[in-house]
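Here is a quick tour of one protein chain, from its metal site to its aromatic pairs and overall fold. Have the 3D view open while you read.

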Amino acid sequence: MVTEMQETSKQKPPVLVVDIGGTKIIISVLSPEGEVIARQYLLTLADQGPQSVIERMFSAIDQLLEEKDVKSAQLRAISLATAGIIDIKQGLITTSPNLPGWENIALRSIVEEKYKLPTFLLNDADAAALGEHRYGVGKGLSTLILLTLGTGIGGGIIIDGRLYLGATASSAEIGHMVIDANGPECKCGHSGCLETLASGTAVAREAISKINQGEKTTLVDRVNGNIEEISAETVYLAAIEGDPLSLEAIAKAAYYLGIGVVNLVNIFNPEMVVMGGGMANMGDLLLEPVREKVKERAFPFLAKEVRIVPAQLGNDAGIFGAAAFALDY
Ligand SMILES: [Zn+2]
């Protein structure tokens with residue numbers, strides 16, 4: 001476990017934020033101004049099931065508060081961000097592909113009951129959108145859309161400076177926008193969703209399929225012949241060294257991502273589209289074709305206003321956004 005601390009002179013009560021990802025949990029105490037007072041990481045070990053994860057999360061929270069000499073009564077609120085389809089109003093994780101066994105878990109009331117504090121629960125991509133809007137690359141903007149490009153694609157939408165929740169207060173499932181109705185099968189049960197065509201998984205799958213068709217690439221040596229170990233990252237590393245197959249696999253994902261962003265620009269007329277998640281590290285190799293596609297296919301009046309940029313806060317976006325959400329509500 002890693003802890004770090006930064007002095008804060010602010011007297012307003014801090015917010016405790018927990019970001020529960022498929023791999024790790026980040027626990028932070030933040031001042032209302034966004035200063036990190038304390039932070040701790042632990043492995044999620046999601047396959048041990050919700051009860052075990054929640055118990056370990058509680059003991060890590062208790063330990064962190066004790067170490068920093070913060071009483072839970074001194075906190076203003078607790079805000080939880082997790083992957084999955086969240087019912088924000090009920091505080092439920094309805095289902096989460098990265099957290100096996102988390103079906104209709106009333107996480108908000110479980111945490112509320114233990115700490116007797118106002119508690120909030122939201123989707124991690126929504127939290128990241130809010131984080132980039134309040135403290136990151138989109139500070140001060142009115143309309144912003146964030147996409148998290150990883151093994152899947154998540155998203156969050158800010159309209160008029162606030163997180164857009166929708167009728168059921170769930171997240172913006174931008175990754176499941178249908179791009180090609182007859183496209184590849186998606187893990188949501190349908191086909192041709194943006195995430196099946198433009199996620200990191202899609203990039204790796206495309207490269208592997210070309211190798212299986214007999215195309216030559218430096219990727220095979222890069223993974224010592226174990227082609228199932230090819231990831232979006234290995235494809236990117238080969239691409240920047242000029243490997244044609246890898247460049248093509250990324251160009252194909254960028255093409256579909258571009259179509260998705262054209263749809264978003266035409267519908268929402270955002271000032272900014274922010275790309276976060278591991279694949280955003282591909283930088284202009286991925287983003288430049290997206291910008292070109294928007295210029296080419298979105299309405300020119302809308303296209304000239306929108307900036308398509310990488311996220312700024314990295315893994316911290318969710319933490320800052322979840323704090324902002326608690327302070328907003
Ligand atoms: Zn889908």
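At 25% relative accessibility, does His176 count as buried, exposed or partly exposed? His176 counts as partly exposed, because 25% is above the 20% limit for buried and below the 50% limit for exposed. Keep in mind that this is a predicted model.

**The zinc site**

His176 is a good place to start, since its ND1 atom is one of the zinc donors. The others are the SG atoms of Cys186, Cys188 and Cys193, and the donors sit at 2.0 to 2.3 Å from the ion. Along the chain, the donors follow the spacing H-x9-C-x1-C-x4-C. His176 and Cys193 both lie in the loop between β11 (162-163) and α4 (194-198), so this pair ties together parts that are 17 residues apart in sequence. While His176 is partly exposed, Cys193 is buried, with a relative accessible area of just 2%.

What about the geometry? The angles subtended by the four donor atoms run from 104 to 119°, which makes the arrangement tetrahedral. For reference, the ideal angle for four tetrahedral donors is 109.5 degrees.

**Aromatic pairs**

Next, the rings. Searching the whole structure turns up five aromatic pairs, and two of them are set out here:

| Pair | Centre to centre | Angle between planes | Type |
|---|---|---|---|
| Phe120 and Phe325 | 6.1 Å | 90° | edge-to-face |
| Tyr135 and Phe320 | 5.3 Å | 45° | tilted |

Take Phe120 and Phe325: Phe120 is in strand β8 (residues 119-123) and Phe325 in helix α11 (residues 317-328), so the pair ties together parts that are 205 residues apart in sequence. Phe120 and Phe325 are both buried. They also belong to one aromatic cluster with Tyr329.

Helix α11 comes up again with Tyr135 and Phe320, the tilted pair. Tyr135 is in helix α3 (residues 124-135) and Phe320 in helix α11, so to speak two distant parts of the chain linked across 185 residues. Here the burial is mixed: Tyr135 is partly exposed, with a relative accessible area of 23%, whereas Phe320 is buried at 11%.

One more ring deserves a look. Lys114 lies over the face of Phe58, at 5.3 Å from the ring centre.

**A buried leucine**

Now over to helix α9 (residues 284-297), where you'll find Leu287. Which residues does Leu287 touch, leaving aside those up to four places away in sequence? They are Met275, Ile308, Val309 and Pro310. Leu287 is buried, since its relative accessible area is 1%. Val265 is 22 residues from Leu287 in sequence, and their C-alpha atoms are 15 Å apart in space.

**The whole fold**

Zooming out, the protein has 11 helices and 13 strands. Its radius of gyration is 20 Å, close to the 20 Å that the globule rule gives for 329 residues, so the protein is as compact as a globular protein of that length. The C-alpha trace spans about 60 × 50 × 35 Å along its principal axes.

How much of the protein is buried? Buried residues come to 54% of the 329. As for contacts between residues at least 6 apart in sequence, 62% of them join residues at least 24 apart. The pair of Phe120 and Phe325, with its 205 residues of separation, is one link of the long-range sort to look at in the model.

Conventions:
Residues numbered from 1 in each chain as written. Predicted model: local features only at pLDDT ≥ 70, side-chain atom pairs only at ≥ 80, totals over all residues. Heavy atoms only, no water. Donors = N, O, S within 2.8 Å, 3.2 Å for Na, K, Ca; no water. Tetrahedral: all angles 85-135°; square planar, octahedral: opposite > 155°, others 65-115°. Helix = DSSP H or I, 4+ residues; strand = E, 2+ residues; numbered from the N terminus. Buried < 20%, exposed > 50% of the residue type's maximum accessible area, 1.4 Å probe, protein only. Contact = heavy atoms within 4.5 Å. Phe/Tyr/Trp six-rings, centres within 6.5 Å; stacked < 30°, edge-to-face > 60°. Lys NZ or Arg CZ within 6 Å of the ring centre and 35° of its normal. Rg over C-alpha atoms; globule rule 2.2 N^0.38 Å.
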